[in-house]
Amino acid sequence: MFGSYILLKKVDGKLKAIKATPVPIKYCPLMVKLLREVGGEESEKLIRAINTEDKEIQTKMICNLIDKIVIQGGYFKTNRPLNSCEANVLFGASETISSAFRSNILDSAVKRMTGLFYTSPSKEIMDEAEKEEIIPVFPYTAEIDQLEGIKEVIRRGYKKIAVTFAANHNKLLKQVKDLENDEITIYKFGLCSTGISKETALIMKENADVVWSCASKYVKEVIEPASFFQVGIKIPVHMMTKKGWDIISNHLFYMGLDEENLKGMSGEEKPVILNQEGKMKVLRKRELHNCTDCPHPCV
């Protein structure tokens, strides 16, 4: 949350947020939007605290909000739905993958829940997953390992696969290429890039098909200049390959983009697709002004 990592643990049988790392950024438009939708006054207190210099107050308020809104709201209960058609953001990875299934571009996806790095197994969730035809790769440990996930779907005969990586786990993208061949196509999504190292950004540049910028200074420095299509302005999504553009443009088609024969290019003539009052619009990079509602500072 705002680039802070939060540890949740059961204390006396009750799940609690017990520690949060210092917050590296001051503002994220998506985080603020989502908080205001669900958090009420607790969210407003946190939003105000993020704009102060007091890291101790910020981390206490994050833990407090997680306890009162997220945990008490049922987000960590074992009966939460595993399948949902709800679209939370216009240009999100889940939304893009959903559209790709709809168009038969994909037959499988190895997805991680955004912002989740470690979890624990639950029989109720495993049983529900089986009913929904979701394959838990590590049912007894709940380990999150995207490479093993890809290997598992390949073993099961799937050929058109999407995979998402988060934070510095994006380093693993360079190992995915070894799993592709003439029969197996893997669409590689790089997510949650706030705070990634320059080394990770360089790996994403060379190996990802689509990258979400978040509040990463290295995405801006290394990846953005190398991309040949951009979607969105506040939190840009960068297409690095033709495969990346194919799967993103399919999603944009369902959102109403009717432009044909768009050609990708880098630099000031790069096409930038944005949502303007519910309609898709195409600009060139040179036509954009400085963003006044973007994540800052980039780290």
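This note walks through a predicted model of one protein chain, from its overall form to a few chosen residues.

1. Overall form. The protein chain is built with ten helices and ten strands, and its C-alpha trace spans about 60 × 50 × 35 Å along the principal axes. A compact globule of 299 residues would have a radius of gyration near 19 Å, and the protein chain, at 19 Å, agrees with that expectation.

2. Inside and surface. Of the 299 residues in the protein chain, 41% are buried, while the accessible surface comes to about 16600 Å². Carbon and sulfur atoms account for 51% of that accessible surface. If one takes the contacts between residues at least 6 apart in sequence, 58% of them join residues at least 24 apart.

3. Charges. The protein chain carries 43 positive and 40 negative charges, and the mean positions of these two sets are 3 Å apart. In general, side chains of opposite charge can pair when their charged atoms come close. In this structure there are 22 salt bridges, and the next points look at some of them.

4. A pair within one helix. Glutamate 42 and lysine 45 form a salt bridge, with their closest N and O atoms 3.9 Å apart. Why are glutamate 42 and lysine 45 separated by about one helical turn? The reason is that the two are three residues apart in helix α2, which covers residues 40-50. Glutamate 42 has a relative accessible area of 15% and is therefore buried, since buried means under 20%, whereas lysine 45, with a relative accessible area of 35%, is partly exposed.

5. Lysine 188 and its partners. Is lysine 188 buried or exposed? With a relative accessible area of 2%, lysine 188 is buried. One of its salt bridges is with glutamate 180, where the closest N and O atoms are 3.1 Å apart, and glutamate 180 counts as partly exposed at 22% relative accessibility. Lysine 188 also forms a salt bridge with aspartate 209, and here the closest N and O atoms are 3.4 Å apart. This second pair links distant parts of the chain, because lysine 188 lies in strand β5 (residues 185-191) and aspartate 209 lies in the loop between α8 (198-207) and β6 (210-212), 21 residues apart. Aspartate 209 counts as buried too, at 2% relative accessibility. Through shared partners, salt bridges join Glu180, Lys188, Asp209 and Lys243 into one network.

6. Helix α4 and threonine 96. Threonine 96 is found in helix α4, which runs over residues 93-102, and it counts as buried at 0% relative accessibility. Which residues is threonine 96 in contact with, leaving aside its neighbours within four places in sequence? These are Phe189, Ile247, Ile248 and His251.

7. The cover over helix α4. The buried residues of α4 are Ala93, Glu95, Thr96, Ile97, Ser99 and Ala100. What covers these buried residues includes the strands β3 (108-110), β4 (160-166), β5 and β6, together with helix α10 (242-254). Strand β5 is thus worth finding twice in the model, as it holds lysine 188 and also belongs to the cover of α4.

8. After the helix. Just after α4, asparagine 104 takes a positive phi of about 65°, a point to look for when following the backbone out of the helix.

Methods:
Residues are numbered from 1 along each chain as its sequence is written. This is a predicted model: local features need pLDDT of at least 70, side-chain atom pairs count only at pLDDT 80 or more; totals for chains, interfaces and linings use all residues. Side-chain values use heavy atoms; hydrogens and water are left out. Helices (H or I, at least four residues) and strands (E, at least two) are DSSP runs, numbered from the N terminus. The radius of gyration is taken over C-alpha atoms; the globule rule is 2.2 Å times the number of residues to the power 0.38. Buried means under 20% relative accessible area, exposed over 50%, partly exposed in between (1.4 Å probe, protein chains only). Contact means heavy atoms within 4.5 Å. Accessible areas come from the Shrake-Rupley method with a 1.4 Å probe; for residues, only the protein chains shown count as cover. Lys and Arg count as positive and Asp and Glu as negative; His and the chain ends are not counted. The place of a charge is taken as NZ of Lys, CZ of Arg, CG of Asp or CD of Glu. A salt bridge is a side-chain nitrogen of Lys or Arg within 4 Å of a carboxyl oxygen of Asp or Glu.
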